[in-house]
Structure formats: C-alpha cells, structure tokens
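Work through the exercises below with the sequence and the coordinates open. Each task is followed by a solution in steps.

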Amino acid sequence: MKRLLTIATAVAILAACTKTAVVYEDAEAEIGLSPVSGMSTKTVYGPMGGETGSTYDTDEVFGIFAWHRVLDSQSAAWSVFKDGMTAANTALYIDNGRFGSKSVNGGTLWGGKDADGSDHPYYWPKTGVLAFAGYSPYDALDTDASAGEPKAESVDYDIDAANGGAAPKLTITGFSQGSYTNTSSNSVLSADNKTVDVMWFDADDQTALNLGTSGTASTSGVPVLFRHACSWIDFDLKASTDNGNAAYDKFRILKVTLKNVYTKGSFDSSKAGDTNTAGGDDVILSTSANPWSDFGFATDAVTDIVLYDGMAADGSYTEGDGITLNATSLKLGNLVAIPQDLDAVSAGTTAAAKNAATVEILYQQLTAAAGTVPNIETKTLTITGSNSSDVQGSTTSGDWLYGRHYTYTITFGLEEILIDPSVDNWEAGTGTAE
C-alpha cells in the first residue's frame, strides 16, 4: 500500500467581495487575466494527479471560501489571524466561489469563473488579510446530478469566528460517490468511471495574506495544498509466471465485483486525525480518525461495485466473452472510494449495516478437454486495508484510510494434476488350456 501524494496548486484571487458585488473598483488591485475561451467544465473523474503528481488538472474547478480581518500586516499566520477573532471583526469575503484555470503571464493560476466559462473576478481588499479554505471538485458536488454522477446535499465551511477559530472545518453533507464499471469488446477494456477525488484545505493550513497590498497580485497566486479526503483503490489481476509461464492463457475473467461497500457518507474535516504543514505531506497514521460518517443516510448506502463485466446484460455468457489473462495483467483501477471499515458493520446511528467487504471473481479455467465448454467458477476473496490484524485467530480486515492508495494484486496460478500410480499385487489365477 502506498501513500498518495497530496496535490498542490495555486489560487489566483481576483476579488475581495461577495459573489455578486465588487467592493473596490481599482484596476491596480485586480489581477489582469484574459478569459479562457470555451473553458472545459467537465468533471475530472478518478484520482487527481496520479501517484506522484502534484499538478491540479486545468479541466477541474474548485470552491473557495475567504474571510477578511483588518490587521496591520500583509500576511498573518493562522494563530495570529484567529487571535481575538470574533463574528463582528471577521467578514465572510468569498462565499463558495467557483474557481477555474486562467492563463496568467505565460502560466496558469485559478480565478473566479462562472459555469458558462465567463469571468467572475474577485478583487483584493485595500487593507487587512484574507484567510482561505476550499474544496474540490466544485461542479461534481452538485444537488442536480443525474443518475450515476457524484453529488452532495450541501457544502459548507465554518471558520468559528465567534469562538476564536478554534475548529475551522469543511462539511460535505450527504455525499454520493459516482458509479464505476469496466466492460470489454474483443478483449479491449473500456472504463466508465464517474468517481471523483474529493479534496480540501482548511483555513488553518496556510498563512492569511493580501497580495493586493504586497504588489504581487498581478503575477502570483495564493499557494494552497489540497488534501485527499477519499481512498484510491486499484485491482491488478494477472497470470502466474511460475513454472515457465504455465498460467498464461489458462484463465478467462468474466466478472469482478467489489461487494459490500459504502458509497454514501458525510465529511467533516475537523475529524481528520492528520498533521499538515504548508508545503509538506500529510502525516496519516493508522490511528487517524475517519472524517467520514453517516454512512446510513440513505437506504441504498451499501453497494456492490462491478469492477468489470464481460458478460451480457442479462447475465448470460457467450463463449469467448471476457478477458483472458496473458502476459498483460487486467488492471481495474482508479476507483475513488469513501474511507470506511472493511469488516462487517452492524446498523447504528452513523452507518447502515453491511457485511465484510470482499471481491468476487467469476472466471473460467481453460484447461478442460478439447471441445468442451469450461465451467464458470466463482472465487471470493477477503480484502484488508490499514489497521488489519489477527488476534487469537480472529482476523480484522481494517480500514481504507483517507489519502491512501491501495493496490490489490490477485494472481491466478496452475497446480499441475499429478498422478501417483501403483500396481496391485498379482493374485494367483487358474486356467486351462485345451
């Protein structure tokens, strides 16, 4: 299991106002950007950036919240910003603003963008500093999503100004992860992945600042570090290379199903038991708290995810369907899942009941006699995550933790059928010769 590196990007803050009114009409304070013609607004599905990537995809957009305090500085650490912070002296400056990529002096930063691709610039204030928080993706966490698309009931941020910013937090209520499956035609795999990489950064993760008063607003963006709120899951099915590659072309995979998985839940960033510093990676321990809960907010919260289906829609099978394992493994990956307990869970106040998570594989072993159709066999495997243990013979499967990349390699091998012959003792016989 590998840690998935967090993603860093930059936010070009183009206004210091609400989403609809410009407070300061001053060309020097506005970042001079040209609109991106026909900017893509598609959701980027699957994990953002890849295993070691640190680039935020220019096709994606994210949401920004910002709060303004009048302080005698161009920047302030969170401890300074929250010191003496009250609801009266801390104003909500950007309320869930939609930010997309823009070309800035030969580079790419993010600024206010409407869904139609038009500019929605935000401007820096003349005094004080802004503290920022944000989440990604913006468009996917929408209440109007169609069937199979990810969506959320609401996205909110609480800086807790009334209590000195003790617990700033992002809450995503009633999130439904997108659908996922793979099919094949003539052994060519085709993925339909609508799962999204939910990410966030909190107001206390970076320095509050004002690039407008520092004179760098036209060339610089606010550096922020997005953290992954979900888990990245990959499955790799392959034929054994033992005994001179004896298992190549001996197994045909028909269907792979990841069973008993929560695909709905709610997120609270204040429950994330990690440590984070600007410019560094999260430290996610096996004992880290799960920021996801309310897995039972919908009656269909437990799902069997079909990772691959090479059979007909009615479940029938035609000889030759599926994918035969050879020198190239069958990779079923880039599934983004809600972090959760992989063991059986009883119904409770925050979770619907479910059985332990397993992966079920329907396959044929292509070693039957010539001219016969091999039986379709089923293999069910238990999967484990972090915190797995074996105590007094009772196995605990553990959890998928947020910000982790889990790869499960399943190897199909052959055991040769061997015969151990023996010869019975001769018995004395009688006979006659005519």
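**Exercise 1: a strand pair**

In β14, which residue is the bridge partner of Met-199?

Solution. The model is predicted. Start with the two elements: strand β12 covers residues 199–201 and is joined to β14 by two bridges. The two strands run antiparallel. Next, look in β14 for the partner of Met-199, which is His-228.

**Exercise 2: the surroundings of β14**

State why strand β14 is described as largely enclosed by the rest of the structure.

Solution. Strand β14 spans residues 222–228, seven residues in total. A residue counts as buried under 20% relative accessible area. Six of the seven residues of β14 are buried, so the strand is largely enclosed by the rest of the structure. For the protein chain, the buried share is 47% of 434 residues.

**Exercise 3: an open sheet**

Give the strand order of the open sheet that contains β8, and name its edge strands.

Solution. The sheet has four strands, in the order β8-β9-β17-β18, with antiparallel pairing. Its edge strands are β8 (154–158) and β18 (292–293), each of which pairs on one side only. Now take the pair β8 and β9: strand β9 consists of residues 169–176, and five bridges link it to β8 in the antiparallel sense. One residue pair to locate is Val-155 with its bridge partner in β9, Ile-172. As background, strands of a sheet pair through backbone hydrogen bonds, either parallel or antiparallel.

**Exercise 4: the largest pocket**

Describe the largest pocket by its volume, its lining and the strands that supply the lining.

Solution.
- Volume: the largest pocket holds about 330 Å³ of space.
- Lining: 23 residues line the largest pocket, and those nearest its centre are Gln-177, Gly-178, Ser-179, Thr-263 and Thr-303.
- Residue classes: the lining has ten nonpolar, nine polar and four charged residues.
- Strands: at least two lining residues come from each of β16 (251–262), β19 (302–309) and β21 (330–337).
- Share: β19 gives the largest share of the lining, four residues.

**Exercise 5: the chain as a whole**

How many helices and strands does the protein chain have, and what share of its contacts joins residues 24 or more positions apart?

Solution. The secondary structure amounts to three helices and 26 strands. Among contacts with a separation of 6 or more, 76% are between residues 24 or more positions apart. To finish, take the surface: the accessible area of the protein chain is about 20300 Å², and carbon and sulfur atoms account for 48% of it.

Technical notes. Residues numbered from 1 in each chain as written. Predicted model: local features only at pLDDT ≥ 70, side-chain atom pairs only at ≥ 80, totals over all residues. Heavy atoms only, no water. Buried < 20%, exposed > 50% of the residue type's maximum accessible area, 1.4 Å probe, protein only. Pairing = 2+ DSSP bridges. 1 Å grid on protein atoms, 1.4 Å probe; cavity = no way out; pocket = protein on both sides within 12 Å on 5 of 7 lines; lining within 4 Å. Points joined across faces, edges and corners; volume = space filled by probe spheres on them. Nonpolar A, V, L, I, M, F, W, Y, C, P; charged D, E, K, R; others polar. Contact = heavy atoms within 4.5 Å. Areas by Shrake-Rupley, 256 points an atom, 1.4 Å probe, with all protein chains shown as cover.
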